[in-house]
Number of protein chains: 2
Amino acid sequence: MVGISRREALGGLASAAALPEAAAAARSTPSIRLRKIATEEAFMVPEFVEPMRAVLAKGGPSLDLPLLKLLYERRSPTAPAPPPGSRDASALQLLPKLLDIGASRLAEMDANGVDMHILSIAMPGPQMFEAAEATSLARVANDRLRSAIDANPKRFAGLACFAPQDPSTAAREMERAMTALKLNGFIVNSHTDNLYLDDERFAPILEAAEALDAPLYIHPRAPSDGMAAPFRDYRLEGATWGYGVEVATHVLRLMMSGTLDRFPKLKIVVGHMGEALPFWLWRLDFMAQPGSRAGRRNKLTPSEYMARNIWITTSGVEDPAALRFCIDKLGADRIMWAIDHPFQPTPPAVRFIETAPLSDSERARIAHRNAEILFKIDPA
Amino acid sequence: MVGISRREALGGLASAAALPEAAAAARSTPSIRLRKIATEEAFMVPEFVEPMRAVLAKGGPSLDLPLLKLLYERRSPTAPAPPPGSRDASALQLLPKLLDIGASRLAEMDANGVDMHILSIAMPGPQMFEAAEATSLARVANDRLRSAIDANPKRFAGLACFAPQDPSTAAREMERAMTALKLNGFIVNSHTDNLYLDDERFAPILEAAEALDAPLYIHPRAPSDGMAAPFRDYRLEGATWGYGVEVATHVLRLMMSGTLDRFPKLKIVVGHMGEALPFWLWRLDFMAQPGSRAGRRNKLTPSEYMARNIWITTSGVEDPAALRFCIDKLGADRIMWAIDHPFQPTPPAVRFIETAPLSDSERARIAHRNAEILFKIDPA
């Protein structure tokens with residue numbers, strides 16, 4: 001029997017105990033620079049500004065109007081200023097940041113070590129314009145997006161918009177965006193005229209996305225008119241609450257309608273840590289087994305659709321606990337980093353992906369590798 | 001320096017390494033029986049059945065009608081049967097289970113080692129009846145609840161219902177329920193006539209709950225008419241999706257309206273693992289800082305309200321990962337176990353609380369201790 005000293009025994013225990021912490025520290029200052037591709041980054045084109053003002057002038061019940069008013073309305077110099085530092089005050093300053101897809105944006109990316117923005121037209125894109133105008137402005141936005149990428153091909157990629165108001169024309173624009181413009185996927189800002197993509201009229205759009213093998217990012221807008229009432233007070237319509245409910249409801253309609261069975265190869269992206277769908281998965285699976293209710297048409301469980309059709313991003317949820325939960329539920333291959341520029345500040349989003357307690361492999365996949373694969377971006 | 005043998009050292013290491021597993025095994029077969037108080041357990045009284053049928057006969061836009069139809073409607077013998085094993089089929093069998101607050105329920109509790117049900121009137125309680133009938137039926141339900149507890153005082157506790165349709169009378173019934181009937185708190189099934197508890201007319205109800213120092217369980221019902229449209233298809237209105245959105249929206253209205261500032265001592269309970277509010281907390285705090293938007297009146301952050309005013313239960317979410325996430329966010333003192341009988345089966349709910357990876361202290365708090373404190377139930 002070989003004796004070892006108490007010190008050796010304790011030393012062994014102590015270093016074993018210290019290991020996780022040391023490893024975490026090593027991870028939080030990566031020796032190789034981490035490529036960072038941000039996947040939900042908004043821009044705007046000048047051609048949309050006057051039509052947005054026309055939407056505002058027309059008014060109506062849409063709960064998108066409060067934010068659009070802050071973004072686009074010409075303010076009278078005598079209008080009362082919102083409290084400094086509030087989100088209302090910062091919303092008034094957002095339009096120039098959205099319109100910049102050049103020098104200022106690149107400078108902010110450089111200052112924070114962000115390699116690439118995957119650009120997408122800011123909410124609600126062309127989806128509140130009349131059909132003909134929406135169709136024509138979608139083309140303009142996509143052309144401008146291509147130009148911005150051409151000017152800085154290592155720094156920008158982009159998701160094409162389209163006008164769901166005219167689905168067959170939208171499908172043609174989607175094809176042009178992927179073949180002629182070589183963009184990286186599509187953005188849709190949730191409902192259009194209060195209809196969701198499970199509506200039969202939108203089938204050409206889903207067919208195109210599937211045929212082109214291009215991901216469709218379902219970005220929020222405020223809840224549709226038919227669910228807006230309890231969100232009309234206390235500014236509950238936006239990023240605090242309405243956006244998440246709107247997009248998660250959209251995704252569940254695609255599942256429960258059987259739409260994802262008709263388009264099994266669709267690749268859907270949702271932001272904001274999956275709009276809490278990962279957290280609900282146990283209950284969703286329990287309650288929504290195929291055939292559980294007359295009127296439901298899902299052939300798979302929600303978990304199975306999540307594993308087959310859905311990717312999520314971290315936009316607006318810089319919470320290491322929520323990220324770990326989602327990795328455990330969905331796997332690190334289904335999660336992509338995002339900043340949500342300019343609605344969300346860049347430095348904390350960068351700190352989040354640099355320092356969240358992840359393995360090197362998880363961090364690389366979430367920071368850039370999954371986006372490279374899904375959006376067909378050249379590895380650096 | 002005292003030498004210790006390698007075997008001793010390794011033995012020490014081995015048992016240290018084995019400790020978590022051994023402890024987990026020990027926990028999953030606890031040597032001391034775990035008291036289990038289930039906190040969201042539904043019952044019904046026979047006096048409600050005909051009025052519920054009258055609600056069904058009257059019809060209307062309420063999205064609660066599909067489930068109420070399955071529960072209460074007399075079925076014609078020629079009606080097509082839902083598929084065996086589906087939730088539709090099991091809903092047809094629920095009414096006798098709801099009406100039983102005696103032998104059969106106790107037998108099922110005994111068979112599963114459940115010590116106590118905290119009973120509450122099944123959704124939507126009296127909240128869809130005319131005001132006068134609702135007020136009178138709430139009294140009947142509370143009296144019957146008291147009788148059921150008197151018959152089995154170690155096995156049942158109960159939450160009183162009231163008729164928010166007549167708030168000042170409701171407040172008197174709440175007082176009677178706590179002082180004369182000595183019940184353990186209150187149940188409200190989310191909105192009443194499409195209004196939420198932030199509405200000024202309900203102030204007497206919140207004053208009573210606060211003055212009586214009794215918790216108010218906000219239980220789901222289907223989304224209110226003003227948010228119902230996208231939930232009308234594919235049976236999205238219920239436990240799969242609508243319920244969670246409805247209750248979480250209710251709680252956020254209480255926060256953002258400033259209602260919880262006016263009633264700072266309110267104790268609110270929400271089920272279903274907090275209706276995903278814990279998962280949203282990072283984003284809620286970021287977006288809903290006090291003063292962030294004109295129109296919001298919250299003086300605290302959502303996290304601060306969660307810590308001060310909100311308790312959650314595990315009803316319908318038997319997911320160890322979600323439970324751990326909630327412990328990390330809210331603390332084990334804010335979480336209570338529930339089965340959601342008879343909507344959710346008892347054996348897996350029991351297995352969940354017996355075997356989830358928890359420390360002994362966490363398990364005891366979640367299984368019974370927190371409920372004993374909050375609902376003022378005698379420790380066993």
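**Group meeting: rings and a small sheet**

Hi everyone, let me start with a contact in chain A: Arg334(A) lies over the face of Trp311(A), 3.7 Å from the ring centre. Chain B has a matching entry in my notes: there, the charged end of Arg334(B) sits over the ring of Trp311(B), again with 3.7 Å to the centre. Please keep in mind as we go that this is a predicted model.

Now, on to ring against ring. Over all chains, the structure holds 14 aromatic pairs. I'd like to walk you through one group of them. How are the rings of Phe325(A) and Phe279(B) arranged? Their centres are 5.9 Å apart and their planes make 65 degrees; planes over 60 degrees apart count as edge-to-face, so that is what we call this pair. This pair crosses between chains, going from helix H15 of chain A (residues 320-330), which holds Phe325(A), to helix H13 of chain B (residues 277-287), which holds Phe279(B).

Are these two rings buried or exposed? Phe325(A) is buried, at a relative accessible area of 3%, and Phe279(B) is buried too, at 1%.

Staying with Phe279(B), we find another partner, Phe325(B): the ring centres are 5.7 Å apart and the planes are at 40 degrees, so this pair is tilted. It links distant parts of the chain, since Phe279(B) is in helix H13 of chain B and Phe325(B) is in helix H15 of chain B (residues 320-330), 46 residues apart. Phe325(B) also counts as buried, with 3% relative accessibility. Put together, ring pairs join Phe279(A), Phe325(A), Phe279(B) and Phe325(B) into a cluster.

Let's turn to a sheet in chain A. What is its strand order? It is an open sheet of three strands, E2-E3-E4, with parallel pairing. At the edges are strand E2 (37-43) and strand E4 (156-158), each pairing on one side only. From one strand to the next, the twist averages 35 degrees.

If you zoom in, strand E3 of chain A (residues 116-121) pairs with E4(A) in the parallel sense over three bridges. Ile118(A) has Ala157(A) in E4(A) as its bridge partner.

Two helices are worth finding on your screens. Helix H6 of chain A (residues 103-111) packs on the sheet and touches E2, E3 and E4 of chain A, with its direction at about 140 degrees to that of E3(A). Helix H17 of chain A (residues 360-374) lies across E2 and E3 of chain A, running at about 75 degrees to E2(A).

That's my tour, and I'm happy to take questions!

Note on methods
Residues are numbered from 1 along each chain as its sequence is written. Chains are lettered from A and ligands numbered from 1 in the order in which they are written. This is a predicted model: local features need pLDDT of at least 70, side-chain atom pairs count only at pLDDT 80 or more; totals for chains, interfaces and linings use all residues. Side-chain values use heavy atoms; hydrogens and water are left out. Two strands pair if DSSP finds at least two bridges between them. Helices (H or I, at least four residues) and strands (E, at least two) are DSSP runs, numbered from the N terminus. Axes are lines fitted to C-alpha atoms, for helices over the stretch in contact, and angles run from 0 to 180 degrees between N-to-C directions. Contact means heavy atoms within 4.5 Å. Rings of Phe, Tyr and Trp (its six-membered ring) pair if their centres lie within 6.5 Å; planes under 30 degrees apart count as stacked, over 60 as edge-to-face and the rest as tilted. Buried means under 20% relative accessible area, exposed over 50%, partly exposed in between (1.4 Å probe, protein chains only). A charge sits over a ring if NZ of Lys or CZ of Arg is within 6 Å of the ring centre and within 35 degrees of the ring normal.
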